[in-house]
Amino acid sequence: MFILSRLDSVPPESFQNQIRDLVIHHVGDLSSVAIRADNPLYPLYQYGVGMEVHQYLQAMDGNRGLAVTLTLALDAEAPDRLLGFALALPAQDNPQACALAFLAVNPEQRRQGIARALLGDLQARFASVELNAFARQVPWFEAMGMQVVSANGPQVLMSSTGQASGALIGRLDIAPIYQTAEVLQIHTYLLNQQGEDAMLDAEQQRDAWLDALADQARDCVQARKSVH
């Protein structure tokens with residue numbers, strides 16, 4: 001059994017650590033580039049996406065100009081244990097709209113209705129919920145009542161209303177994360193470990209995978225639109 005807990009301020013460090021661990025171990029599902037575990041760049045994105053989520057959590061102090069809402073799924077018998085989380089960004093110009101930025105559930109607790117409950121909590125609070133999903137994830141979100149809107153690069157834009165809200169969503173500029181000394185140190189370590197040729201090949205693999213995902217996203221949208 002699990003319980004949901006909504007937070008309106010920066011979560012305690014214990015939960016921040018559990019969220020970070022969940023992100024790091026499942027960055028392939030959460031990264032906008034769907035980085036594969038066998039790609040040598042994987043550790044770099046583990047840090048980058050982990051830091052992105054961390055900065056969103058810190059923005060819940062209200063001092064960074066971003067609106068962030070966080071819902072935790074906790075073990076009902078051990079409420080200090082995180083089972084999953086949903087991090088959403090409420091619109092700045094429409095109190096009825098939000099964008100789901102991250103949704104993750106511990107693999108050991110999947111198929112227990114946790115992700116459904118986390119998404120359902122947002123749908124109950126906001127008339128318009130938007131998110132970006134990879135084509136392989138679209139059927140699950142459709143089963144949760146989300147509708148395909150359009151292709152958005154390697155992902156598919158989905159909405160609870162079937163239309164883009166056009167709402168103003170404040171998002172982090174993640175580019176500076178990948179220019180930090182920590183990322184440069186990781187890249188240097190990987191370069192020394194893998195070699196320059198392997199790292200160039202890793203970037204090409206990532207880019208080719210993104211192109212393939214973009215094709216899948218367009219095909220997915222076209223298939224849905226042709227049916228409807």
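Let me start with helix α1, which lies across β2, β3 and β4 and runs at about 90° to β3; contact here means heavy atoms within 4.5 Å, and axes are lines fitted to C-alpha atoms, for helices over the stretch in contact, with angles running from 0 to 180 degrees between N-to-C directions. Helices (H or I, at least four residues) and strands (E, at least two) are DSSP runs, numbered from the N terminus. I should say early that this is a predicted model, in which local features need pLDDT of at least 70 and side-chain atom pairs count only at pLDDT 80 or more, while totals for chains, interfaces and linings use all residues. Residues are numbered from 1 along each chain as its sequence is written, and side-chain values use heavy atoms, with hydrogens and water left out.

A second helix to look at is α4, residues 114-125, which lies across β1, β2, β3, β4 and β5 and runs at about 170° to β4.

Now the sheet itself. Its 7 strands form an open sheet with mixed pairing, in the order β1-β2-β3-β4-β5-β7-β6, where two strands pair if DSSP finds at least two bridges between them. β1 (2-7) and β6 (147-152) are the edge strands, each with a single partner, so one side of each has no neighbour in the sheet. On average, and ignoring direction, neighbouring strands are turned by 25° against each other. At the β1 edge, 6 bridges join β1 to β2 in antiparallel fashion, and Leu-4 stands opposite Ala-73 in β2.

What about the interior? The largest nonpolar core, meaning a set of buried Ala, Val, Leu, Ile, Met, Phe, Trp, Tyr and Cys residues joined through side-chain atoms within 4.5 Å, has 39 residues, and those with the most contacts inside it include Ile-19, Val-68 and Phe-102. Buried means under 20% relative accessible area, exposed over 50%, and partly exposed in between, with a 1.4 Å probe and protein chains only. Among the elements that each supply at least two residues of this core are α1 (13-25), β3 (82-90) and α7 (196-227), and the largest share, 7 residues, comes from α3. Leaving aside residues up to four places away in sequence, Ile-19 touches Val-53, Leu-57, Leu-70, Leu-72, Leu-82 and Phe-85. Apart from this core lies another, of 28 residues, among them Ala-73, Ala-115, Val-138 and Val-156.

How, then, does α3 sit against α6? The two pack at an angle of about 170° with their axes 9 Å apart, and that makes α3 roughly antiparallel to α6, because angles over 145 degrees count as such, while those under 35 count as roughly parallel, 65 to 115 as roughly perpendicular and the rest as oblique. On the α3 side the contact is made by Pro-43, Leu-44 and Tyr-47, and on the α6 side by Glu-182, Val-183, Ile-186, His-187 and Leu-190.

Close to this topic is Tyr-178, in the loop between β7 (155-159) and α6, which is partly exposed at a relative accessible area of 23%. Tyr-178 touches Leu-44, Tyr-45, Gly-48, Val-49 and Val-183, again not counting residues up to four places away in sequence.

Finally, two loop residues. Ala-34, between α2 and α3, has a positive phi of about 50° although it is not a glycine, and is buried at 4% relative accessible area. Arg-111, between β4 and α4, likewise has a positive phi, near 65°, but counts as exposed at 86%.
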